[in-house]
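Trainee: Could you take me through one part of this structure up close? I'd like to see how the two chains meet.

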Amino acid sequence: MTTTHPDPASPATGPVLALDEVSIRLGGRQILDRVAFALAAGEFTGLIGSNGAGKTTLLRIVMGLRSPDAGTVRVGGKPLARRARQVGYVPQKIQIEPDAPLRARDLVALGLDGERLGPRLPSRTRNRQVDEMLEAVDAARFADERVGTLSGGEQQRVLIAHALIGRPRLLLMDEPLANLDLRSGQEIVELTSRVAKEQGVAVLLSAHDINPLLPVMDKVVYLAGGRAACGTTEQVVRSDVLSELYRHPVSVLRVDGRILVVAGSTVTADVLPPRSEPSVAAAVGRGVRA
Amino acid sequence: MSGVLNSIFEPGFFSSGPVHAALLTGAVVAAVSGAVGVFTVLRSQSFAGHSLSDLGTLGGSGAFLLGVGPLWGFITAGVVVGGAMDLAGSQRRNSRDVATGIVLGAVLGLSALLLYFDTTSSSTTGVTVTVLFGSLFAVSGFTVPATLAFAGLGLSALALCYRPLLLSSVSSDLAAARGIRVRLLGLVFMIVMGVTVALSSLIVGTILSPALLIGPAATALRLTRRPLAAMGLAAALGAGATWLGILLAYDSYHWPPIGDGWPVSSFVVALIFLAYLLSALRKPERRTETVYSENTVHAVSGAV
């Protein structure tokens, strides 16, 4: 993977993120079972799985907010520890009142130094950095609006700017498409992909639907039944791989460039009229929403 | 000319010791309250702020029974109750409100009992009025430097935690992702709020101190979009209302019924409310666009 990252300290030699045999049990349920994968700089990876598949838990482990029961997580070759600066995070949504006195540019500036104590001195350099970052995510036109009055898609842009302004090596995004309409979602995906390539940042973006990510995704991490399959879409999103992952017969259908993952066998769903086997329409609801 | 001035600033206003103490402590406390109040509103903790001041009644009334100054009762109640409320309620806003509500009911019942004992033991209702409605002109002696010290402490804590507090108010996940200890920060803020509310209880009483916390902040939010400017504006509004309130209360000795001044706290709270109403007259700010078509957006913002 070629990168345009300006920082020479991020060589293509090691992965930006490496999970090895990561397992965690929560509330008596095995959420993640020996999950292993690695991401390289500048790679856009979709973290795909249905609700409850463990996507958020996995992201929280990578952020260091949760410790796995077993296994190791390395970011930039370093183990889970103080590395907040290396990981940028975009939450699914934020809770902020429309009248809260916080402009988009204020939230982006907090991406530079939000964890520091004490008052902040005015800085031209910082203001310029904030302006450039807002420009990079097409958010300059609402830079001075209150964050609480922005639309979901606009807030996502500001949050991406907040996450990227500290020049992290890894960007984690928790279901950014869940609260957006189709068009805004597509814009966010394209924007993230473009900015991440420009900055040489590895992106791990969780979603329950793989299709909006297909145009930009370099790699997919597919979560099901606590286990993960990792590779290119062609390598992973196949009937045999996913059947093994789900421990249940699953068919992958490609229709008009879209991918449908359904329970049942392809022959039944694809060619023959539905018999007693589940039909495509009925099966979609039982499989991964696609 | 001097006649007009004299009718505004009654003779003796600038030479009176109690007035000096009131102007100083009142302004400082109101300013800190306003600044803290901006975060109270930002963090949607107005209910906790209200409860903290109501619960200060327990401290104030207990202090009189023990024979110590009300400030110490208010401070103790504010810190203990604030800490307990934060530890009892989880980060979820709903259960936090329920926990606050339950503690509130129990402690207010106890306060009613203590106020009853205060009244029966002193044979006057003076204590009740002082605790519930404040006694700014009675702030004197060691209480003045003590109040200023606590106010300085609260303001320093706020300045120290400014950025992490701001970020965690937007999203606790976002703050945690940057290594901020969100729970600890929440506890620190509750204690700062407890101290602030205790100080303003001294000035306007436990019933009216939420007005000093929330009122100037709510007005400031309408007038500015910047977090620091909002804090400065809220502080200035609080201090201004307090000064004007003191002046009016001093003048009111010559209003009917002659010889009995009107209470400061009523003036201060009325002025804060007036400022809030006036701020509503300002044309509400509108986004320049509500349409999300890229072309429309550029067309609209280009036209502006």
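**Where chain A meets chain B**

Mentor: Sure, let's start with chain A on its own: of its 290 residues, 52% are buried. Keep in mind as we go that this is a predicted model. Chain A is built with 9 helices and 12 strands. Take its contacts between residues at least 6 apart in sequence, and 64% of them turn out to join residues at least 24 apart. The chain exposes about 12,800 Å², with 51% of that coming from carbon and sulfur atoms.

Now for the meeting place itself. Chain A brings 42 residues to the contact and chain B brings 35 residues. A handy way to think about this: the size of an interface is often given as the accessible area lost when the parts come together. Here, the area buried between chain A and chain B is about 3,500 Å², and carbon and sulfur atoms give 54% of it. If you want three residues to click on, go for A:Pro101, A:Arg141 and A:Arg146, which supply 19% of the area that chain A buries against chain B, more than any other three residues.

Next, look at how polar and charged groups pair up. There are 4 salt bridges between chain A and chain B. One of the pairs to look up is A:Arg60 with B:Asp173, whose side chains form a salt bridge at 3.4 Å, N to O. Across the same interface, 12 residue pairs are in polar contact, with both residues at pLDDT 80 or more.

Which helices of chain A are involved? On the side that touches chain B, α1 (55-63), α2 (104-113), α4 (152-164) and α5 (182-199) of chain A each supply at least two residues. Of the elements in chain A, α2(A) gives the most to that side, with 6 residues.

How far can you trust the picture? The model scores ipTM 0.81 and pTM 0.82. Chain B has a mean pLDDT of 83, and 88% of its residues reach 70 or more. Residues 289-304 of chain B are another story, as pLDDT stays under 50 there, and the model has 15 contacts beyond four places in sequence for that stretch. Where pLDDT is low, the predicted coordinates should not be read in detail.

One last stop in chain B: find B:Ser209, which sits in helix α10 (residues 182-223). Because its relative accessibility is 0%, B:Ser209 counts as buried. Leaving out residues up to four places away in sequence, B:Ser209 touches B:Ser53, B:Val197, B:Ser200, B:Ser201 and B:Val204.

Methods:
Residues numbered from 1 in each chain as written. Chains lettered and ligands numbered in written order. Heavy atoms only, no water. Helix = DSSP H or I, 4+ residues; strand = E, 2+ residues; numbered from the N terminus. Buried < 20%, exposed > 50% of the residue type's maximum accessible area, 1.4 Å probe, protein only. Contact = heavy atoms within 4.5 Å. Areas by Shrake-Rupley, 256 points an atom, 1.4 Å probe, with all protein chains shown as cover. pLDDT = per-residue confidence, 0-100. Buried area = accessible area lost by both parts, 1.4 Å probe. Polar contact = N/O pair within 3.5 Å; in protein donor to acceptor, adjacent residues only side chain to side chain.
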